[in-house]
Every structure is written in structure tokens, then in C-alpha cells.
Amino acid sequence: MYEKESLTHQSKKIPLCTKCGVKPSVYFRPYSGERLCKSCFIDSIEFRVERTISRFDMFKFNSRIAVAVSGGKDSLNLLRILWRLEEKYPKAELIVASVDEGIKDYRNEALKFVKESCKQYDIELQVLSFKELYGLTLDEIVVKTMNKELTPCSYCGVLRRRALNQIAKRIDADVIATAHNLDDIAQTALLNLIRGDLNRFSTVYPVSTRIQGFVRKVKPYCEIPERESAMLAYLTEIKFQSIPCPYSESAMRNDIRRFLNKMESKRPGTMFTIYKTSLNLISAKVGKEEEKIRLCEICGEPSQTKICRTCELLKEIKKR
Ligand code: SF4
Ligand code: ZN
Ligand code: ZN
């Protein structure tokens with residue numbers, strides 16, 4: 001009797017979901033004041049991704065979509081959402097594209113989660129490794145470039161972008177969907193402002209500029225805060241790689257992450273404001289106009305300069 005009473009008392013203390021008004025809430029959203037139950041929370045994330053897709057016209061009804069999946073929570077959440085949405089668009093096709101950079105005890109673990117999900121959803125998986133494409137793993141590149149100014153992430157970022165584009169071209173995809181979340185976007189916007197890199201500032205836009213030779217990239221997950229992504233993975237019981245990459249030490253991004261997290265907890269909605277302001281700052285042309293581009297003199301891939309950034313870095317790595 002006593003136990004029953006105390007349980008009733010406890011359950012009374014949990015506020016009800018502000019959306020359905022029926023179930024107990026499991027999540028409080030500080031920037032909107034909503035309290036959501038499990039199913040309303042999951043629905044709200046899926047709704048937001050779907051809204052982003054349609055707002056930025058990311059896919060056509062019959063798009064062949066390469067989903068970049070690393071094995072972390074964001075990309076596996078996005079894959080699950082796109083797989084559910086695919087039911088409404090039977091002519092669209094999802095293919096998972098994963099890059100194996102060659103990071104011992106990290107990427108091989110993450111790829112196991114990717115393989116499991118592909119099996120569960122019955123989706124084709126295409127993996128391309130740095131070793132296969134460049135003849136070196138990231139671990140080997142790190143050893144060769146020790147004491148250089150650039151961090152492992154600087155090499156990895158450029159080489160991974162090329163690898164992803166190669167997979168997408170190989171499978172004849174119309175578009176590559178990546179799982180950058182709201183925190184990633186806000187951090188990148190601030191990083192580029194601080195570095196004074198206005199050319200790269202436009203990379204925060206949810207749809208990439210059309211450039212011949214590059215498969216168009218879209219970010220359907222860009223309005224999902226990191227904290228909500230973690231909650232979604234927990235509620236949907238997704239298994240993902242949770243240990244950080246051993247090279248994720250890019251000092252400036254970490255400083256910005258800490259600063260933004262502090263701002264967000266003091267002033268909820270800060271990251272959304274940065275995101276929306278960035279969209280307003282970026283020219284309306286982004287994502288709509290085809291950019292003129294030349295071909296790299298070494299690899300023949302499209303580039304804005306005579307020698308593309310990938311070839312520049314590879315030259316530098318192999319010199320050592
Ligand atoms: Fe590559 Fe850096 Fe990401 Fe590690 S943290 S996978 S090195 S970009
Ligand atoms: Zn509810
Ligand atoms: Zn090149």
C-alpha cells in the first residue's frame with residue numbers, strides 16, 4: 001500500500017508531454033520550452049529532418065541518395081530517418097557510403113555498426129579506404145606528417161571529401177547526404193569567421209553549390225542539436241561508435257565547441273540563431289547556380305585551382 005502510494009506520488013511529479021498532453025515527458029527542450037514524451041520527441045526530430053529536406057529541395061522523388069555513414073550516432077540516426085522516409089518515396093534509393101580512413105581501433109569498430117545497420121535495413125553498403133585510393137592509411141599519413149603545421153584532421157577532411165565523392169560517382173548517386181548536426185554547423189560558421197575564411201563560410205549552407213564533377217552534397221540533419229541527436233540514439237536504441245577519434249584534437253574547434261555549449265546553456269537558442277544568421281549572410285545564389293570550374297592538372301578532378309587541394313596534400317605527404 002505504502003509502495004503504491006509513493007509510486008503514484010512520484011509519477012505525478014513527472015510533467016506531461018506538452019504536445020500530446022497524455023504521456024509523461026522524457027525530454028525538456030530549453031529553446032522552445034516544450035516537454036516531450038518519447039514518441040513525440042522521436043516524431044519531432046523526424047518531422048524536422050523532413051521539413052529541412054523539403055525546404056531546401058534536397059531530393060527528387062526518384063533520387064539515388066548516397067548516405068555518408070561513419071558509424072557515429074548522427075549518421076546512424078540520419079540513416080534510420082531516411083530509411084523510414086523512403087517508404088513514402090518508393091522510387092528513391094538509399095545506398096550507404098562509408099570511408100575507411102585507416103584509423104586503428106577506431107574506424108574498424110565504427111564500420112561494424114555501419115554493417116549491422118545496413119543489414120538490418122537491407123541497404124547496400126559501399127566502402128572506400130584511404131589505402132585503396134591513396135596508397136596510405138590515415139595512421140601512416142600521421143606518422144609521415146608529424147611535426148608539420150597541419151593537424152591530422154586537415155589531411156583527413158580533404159582526403160575524405162574526395163573519397164566520398166569517388167564512391168558517389170562510382171555508384172552513380174545524384175546526391176550525397178551527410179549528417180552534420182546543428183552544433184557542427186554553428187561551430188563551422190564561427191570557425192570560418194574567426195579564421196576570416198569567407199570562401200569556406202558558405203559550406204555551412206544545407207545544400208552545396210552545383211559544381212560539375214562533384215556530386216551535390218546536402219545536410220538534412222543540420223537543424224538537429226547534438227544533445228537531441230544523443231537523446232534520439234538513446235530512445236531508439238541505436239548501437240553506435242561512442243569513443244572519439246584519437247586524432248580529434250583540432251584545438252580551435254574544441255575551444256569553439258566549449259564556448260558554444262556554454263552560451264547555449266546560458267542562452268538557449270544561440271546555435272539556431274547562428275545557423276539562421278549564417279543562412280541570411282550566405283548569398284541566395286548558393287546551391288542554385290552552377291560554378292565554373294577547371295580540371296586539376298594532376299588528377300583531372302574538378303578544382304578551383306590549377307592543382308587541387310587533394311593533390312597538393314598528397315604531394316606533400318609523399319615527399320616525406
Ligand atoms: Fe578524421 Fe579528424 Fe574526424 Fe578523426 S576527428 S575522423 S582525423 S576529421
Ligand atoms: Zn507526447
Ligand atoms: Zn588533383
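Along the chain, the donors of the zinc ion (ligand 2) follow the spacing C-x2-C-x16-C-x2-C, where donors are N, O and S atoms within 2.8 Å of the metal (3.2 Å for Na, K and Ca), and sites may look incomplete because water is not among the atoms. The pair Cys-17 and Cys-40 links distant parts of the chain, 23 residues apart: Cys-17 sits in the loop between α1 (2–13) and β1 (27–29), and Cys-40 in helix α2 (residues 38–55). Helices (H or I, at least four residues) and strands (E, at least two) are DSSP runs numbered from the N terminus. The model is predicted, with local features needing pLDDT of at least 70 and side-chain atom pairs counting only at pLDDT 80 or more, while totals for chains, interfaces and linings use all residues. Residues are numbered from 1 along each chain as its sequence is written, chains are lettered from A and ligands numbered from 1 in the order in which they are written, and side-chain values use heavy atoms, with hydrogens and water left out.

Coordination of ligand 2 comes from Cys-17 (SG), Cys-20 (SG), Cys-37 (SG) and Cys-40 (SG), at 2.3 to 2.4 Å. The angles among these 4 donor atoms run from 101 to 118°, and the site is tetrahedral, a label given to four donors if all angles lie between 85 and 135 degrees. For orientation, the ideal angle for four tetrahedral donors is 109.5 degrees. Cys-17 counts as buried because its relative accessibility is 2%, and Cys-40 is likewise buried, at 12%; buried means under 20% relative accessible area, exposed over 50%, and partly exposed in between (1.4 Å probe, protein chains only).

The zinc ion (ligand 3) has its own set of cysteines. Its protein donors are Cys-296 (SG), Cys-299 (SG), Cys-308 (SG) and Cys-311 (SG), lying 2.3 Å from the ion, with the sequence spacing C-x2-C-x8-C-x2-C. This site is tetrahedral too, with angles of 106 to 114° among its 4 donor atoms. Cys-296 is buried, at 4% relative accessibility, and both Cys-308 and Cys-311 are buried. The structure holds 0 disulfides, a disulfide being a pair of cysteine sulfur atoms within 2.5 Å.

Cysteines also appear around ligand 1, whose shell consists of Glu-101, Arg-107, Leu-138, Cys-153, Cys-156, Arg-160, Cys-245, Tyr-247 and Ser-248, each with a heavy atom within 4 Å of the ligand. By class, this shell has 5 nonpolar, 1 polar and 3 charged residues, counting Ala, Val, Leu, Ile, Met, Phe, Trp, Tyr, Cys and Pro as nonpolar, Asp, Glu, Lys and Arg as charged, and the others, Gly among them, as polar. Helix α7 (residues 152–170) supplies the largest share, 3 residues.

Helix α7 has 19 residues and reaches 26 Å from its first C-alpha to its last, close to the expected 27 Å, where the expected span is 1.5 Å times one less than the number of residues. Its buried residues include Cys-156, Leu-159 and Arg-162. After α7 comes Asp-172, with a positive phi near 60°.

Helix α8 (residues 182–195) has 14 residues, and its end C-alpha atoms are 20 Å apart, in agreement with the 20 Å it should span. Because 11 of these 14 residues are buried, α8 is largely enclosed by the rest of the structure; among them are Leu-182, Asp-183 and Gln-187.

Back in helix α2, Phe-47 is exposed, with a relative accessible area of 52%. Phe-47 and Leu-85 lie 10.0 Å apart, C-alpha to C-alpha, and 38 residues apart in sequence.

Methods: Four donors count as tetrahedral if all angles lie between 85 and 135 degrees; four count as square planar and six as octahedral if opposite donors are over 155 degrees apart and all others between 65 and 115; anything else is irregular.
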